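Me: I have a model open on my screen and would like to talk it through with you. Could you take my questions one at a time?

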Amino acid sequence: MRVKEDSPLPPPSSFSRRKADTERLEAQLAEWTATIAQARARAKRCRPDTGLEFDRIADELQLLRNEAGAQVMRLKGSTALDGESLLAELDNRWKLIRTRLRRAEAEI
């Protein structure tokens, strides 16, 4: 079925949008968990002094990942109005995490 270009599609319900957002965020958390596990595995294969630095980076990333996971859990249980502000907060937090992950990957 083809939709006319001049007839806009109805906006998704806030519940379905939030569900899609949380699924996307949970997938990102899983990816970050894998990245952190790779950093820890690499730390074990390195010289002791270098490995300690990789462990420190992995610990920092794990903390950021855990904070983001807690925010996703809050988003799941939030009301529509709270959800919008949480999404904005998550967006800022996740930009920070992505930046730190890129930096860590370059260091590792």
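**Salt bridges, helices and core**

Reply: Happily! Let me start with a pair of charged side chains: K76 and E26 meet in a salt bridge, with N and O 2.4 Å apart. Please keep in mind that this is a predicted model.

Me: Which helices do K76 and E26 lie in, and how many residues apart in sequence are the parts that the pair ties together?
Reply: K76 is partly exposed, with a relative accessible area of 43%, and E26 is partly exposed too, at 29%. K76 belongs to helix α2 and E26 to helix α1, so their salt bridge ties together parts of the chain whose separation in sequence is 50 residues.

Me: Why are K19 and E23 separated by about one helical turn?
Reply: This pair also forms a salt bridge, and its closest N and O atoms are 2.9 Å apart. An α-helix has 3.6 residues a turn, so residues three or four places apart point the same way. K19 and E23 are about one turn apart because, within helix α1, their spacing is four residues.

Me: Which residues are joined into one network by salt bridges that share partners?
Reply: The count of salt bridges comes to five. One of them is between D59 and R40, at 2.9 Å from N to O, and it links helix α2 to helix α1 across 19 residues. Shared partners join these residues into one network: R56, E60 and R100.

Me: How do the elements of the chain run from the N terminus on?
Reply: The chain has three helices and zero strands. Read from the N terminus, the order is therefore α-α-α.

Me: What distance lies between the end C-alpha atoms of α2?
Reply: α2 has 29 residues, and at 1.5 Å a residue they should span 42 Å. The model agrees with that expectation, as the end C-alpha atoms are separated by 41 Å.

Me: Which element gives the most residues to the largest nonpolar core?
Reply: That core holds 21 residues, and L25, W32 and W94 touch the most other members. Two or more residues come from each of α1 (14–45), α2 (48–76) and α3 (80–107). With eight residues, the top contributor is α2.

Me: Is V72 buried or exposed?
Reply: V72 has its place in helix α2. Leaving aside neighbours within four places in sequence, V72 is in contact with L25, E26, L29, L90 and W94. Its relative accessibility is 1%, and the cut-off for burial is under 20%, so V72 counts as buried.

Me: Which residues is W94 in contact with, leaving aside its neighbours within four places in sequence?
Reply: W94 is among the core members that touch the most others. Beyond four places in sequence, its contacts are L25, Q28, L29, W32, A68, Q71 and V72.

Me: What share of the contacts with a separation of 6 or more comes from residues 24 or more positions apart?
Reply: V72 and E23 give an example of distance along the chain: they are 49 residues apart, while their C-alpha atoms are separated by 9.5 Å. For contacts in the chain with a separation of 6 or more, residues 24 or more positions apart account for 67%.

Me: Where does pLDDT stay under 50?
Reply: The chain averages a pLDDT of 76, and 79% of the residues score at least 70. Among the elements, α2 has the highest mean, 83, and α3 the lowest, 76. Where pLDDT is low, the predicted coordinates should not be read in detail. The stretch under 50, with one contact beyond four places in sequence, is residues 1–12.

Definitions and conventions
Residues are numbered from 1 along each chain as its sequence is written. This is a predicted model: local features need pLDDT of at least 70, side-chain atom pairs count only at pLDDT 80 or more; totals for chains, interfaces and linings use all residues. Side-chain values use heavy atoms; hydrogens and water are left out. A nonpolar core is a set of buried Ala, Val, Leu, Ile, Met, Phe, Trp, Tyr and Cys residues joined through side-chain atoms within 4.5 Å. Buried means under 20% relative accessible area, exposed over 50%, partly exposed in between (1.4 Å probe, protein chains only). Contact means heavy atoms within 4.5 Å. The expected span of a helix is 1.5 Å times one less than its number of residues. pLDDT is the predictor's confidence in each residue, from 0 to 100. A salt bridge is a side-chain nitrogen of Lys or Arg within 4 Å of a carboxyl oxygen of Asp or Glu.
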